[in-house]
Amino acid sequence: MQHSTERPLVFSPRERRRVFENNKLEKRLARQVGQAIADFEMIGAGDRVMVCLSGGKDSYAMLDILLMLQARAPVAFEIVAVNLDQKQPGFPEHVLPDYLRARGVPFHIEVADTYSVVKRLIPEGKTTCSLCSRLRRGILYRVATELGATRIALGHHRDDILETLFLNMFYNGKLKGMPPKLRSDDGRHVVIRPLAYVKEADLARFAEERKFPIIPCDLCGSQENLKRREVKAMLREWERRHPGRVESLFTSLSNVASTHLMDRAIYDFAALGALPAGQGDTAFDEQGCEAPAVNLSGAATGDG
C-alpha cells in the first residue's frame, strides 16, 4: 500500500489575512450591488441586461458582480456584454473577446469609428469627451434595441455620482447628480447603474485581486477632464481631514427636503399658507452636526 507524500497546503498568516479580506470585499460588493438593484428596482424577472464593457476596472467589476448575483438571484434575467470598439489607435481588440469567451459570457462587439469623427470635428487641444460620449451613447442605444435589451447597465460608482453632483453645482448652477436609474435620451430604454453604492477604492482593490485584463482609458490621447480631477481631489482631501464627510454627502442624495430648497418648479411656494399649530414644516433641524451612522450597504441608518 502506497502512502501519499503530498503535504497539505499551508498558508502564512499574511496570506490567510489577504484571503479573508478579499472574501469580505467580495461579499460587501455583492451586497451593495444587490441593495442598489433592490432599492431602485433595476432588474426584474425576464430582463435582458446589456452590460457596457469598456475594459476598465469599473465595468469589469460590474460584469463580474452581476454574474455572481445572476447565479443566485430569485428571478431569472439574462446578461449580454457589449463593447464599443471606437477604432482608437492601439486599442487591443482581442482582449475583451478572449476574456468573455473564457468566462462563457454572451457578448457583442460593435465596431464604429467614432475616433475619426471626433478628431475631425474637435480642434486639436480641445476636450473631446463630450462629443465622444454623445456618439457612444447613440450607438449603444441602437445596439440595445437590436439585441432586445431591456436594461443598459453602466459602470458609474458612488464617487462618480458625487463628483458629478459637485461639477453641476460648481460649473452649471444645477443641483443635479447622476441617477441610479433613468430613462434614456430617446425614451426607449432604461439605463441602470448597479455600482451606485460602491466606492471606487473598493473597485480598484477588487480589480487588482481579480487580475482583470485592464485596457488603458487614455488611448485617445485625451487627458481626464481637469475639473473632474479637481473635484475628486477635493473629496479625497475632505475625507482625509474629516472622516465620514463624504459618506454623509452621499447619504444626503437620498434624503432630500425639497421644501427647504428654492426650486419653484418642484415646490409651490406661491400657494404656501399658514396651517393650524403643529402642522407645519420644521424650519430648523434640531439634530447636531455629527455625520449619520452608515451601514455597509451604502445607506445611512437612524432617523437623521
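**Close-up views of a predicted model**

Phe-166 is buried, its relative accessible area being 7%, in a model that is predicted rather than determined by experiment.

**View 1. An edge-to-face ring pair joins helix H6 to helix H8.** The rings of Phe-166 and Trp-238 pair edge-to-face, with 5.7 Å from centre to centre and 75° between the planes. Because Phe-166 belongs to helix H6 and Trp-238 to helix H8, this pair ties together parts that lie 72 residues apart in sequence. The two partners are covered to unlike degrees, for Phe-166 has a relative accessible area of 7% and is buried, whereas Trp-238 counts as partly exposed at 24%.

**View 2. Lys-232 of helix H8 makes a side-chain polar contact with Glu-163.** Helix H8, which spans residues 226-241, contains Lys-232, and the side chain of this lysine meets the side chain of Glu-163 in a polar contact of 2.9 Å. With a relative accessible area of 13%, Lys-232 is classed as buried, since the cut-off for that class is under 20%.

**View 3. Tyr-99 and Phe-212 form an edge-to-face pair within a ring cluster.** By the ring-pair rule, the model holds ten aromatic pairs. In the pair formed by Tyr-99 and Phe-212, the centres are 6.3 Å apart and the planes stand at 90° to each other, an edge-to-face arrangement. Tyr-99 lies in helix H3 (residues 95-103) and Phe-212 in the loop between helix H7 (200-210) and H8, so the pair ties together parts that are 113 residues apart in sequence. Tyr-99 is buried at 14% relative accessibility, and Phe-212 is likewise buried, at 8%. Ring pairs also bring in Tyr-60 and Phe-206, which together with Tyr-99 and Phe-212 make up a cluster.

**View 4. A nonpolar patch on the surface includes Met-169 and Tyr-171.** The patch consists of Met-169, Phe-170, Tyr-171, Leu-175, Val-256 and Leu-261, which together have about 580 Å² of accessible area. Met-169 is located in helix H6, which runs over residues 158-172, and this residue is partly exposed, with a relative accessible area of 33%. Tyr-171, another member of the patch, also has the charged end of Lys-227 over its ring, 5.3 Å from the ring centre.

**View 5. The charged end of Arg-158 sits over the ring of Phe-250.** In this view the charged end of the arginine is placed 5.9 Å from the centre of the phenylalanine ring.

Key
Residues are numbered from 1 along each chain as its sequence is written. This is a predicted model: local features need pLDDT of at least 70, side-chain atom pairs count only at pLDDT 80 or more; totals for chains, interfaces and linings use all residues. Side-chain values use heavy atoms; hydrogens and water are left out. Helices (H or I, at least four residues) and strands (E, at least two) are DSSP runs, numbered from the N terminus. Buried means under 20% relative accessible area, exposed over 50%, partly exposed in between (1.4 Å probe, protein chains only). A polar contact is a pair of N or O atoms within 3.5 Å; within protein, one must be able to donate a hydrogen and the other to accept it, and residues adjacent in sequence count only if both atoms are side-chain atoms. Patches are made of residues with over 30% relative accessible area and no salt bridge: like charges are joined within 9 Å, nonpolar side chains (Val, Leu, Ile, Met, Phe, Trp, Tyr) within 5 Å. Accessible areas come from the Shrake-Rupley method with a 1.4 Å probe; for residues, only the protein chains shown count as cover. A salt bridge is a side-chain nitrogen of Lys or Arg within 4 Å of a carboxyl oxygen of Asp or Glu. Rings of Phe, Tyr and Trp (its six-membered ring) pair if their centres lie within 6.5 Å; planes under 30 degrees apart count as stacked, over 60 as edge-to-face and the rest as tilted. A charge sits over a ring if NZ of Lys or CZ of Arg is within 6 Å of the ring centre and within 35 degrees of the ring normal.
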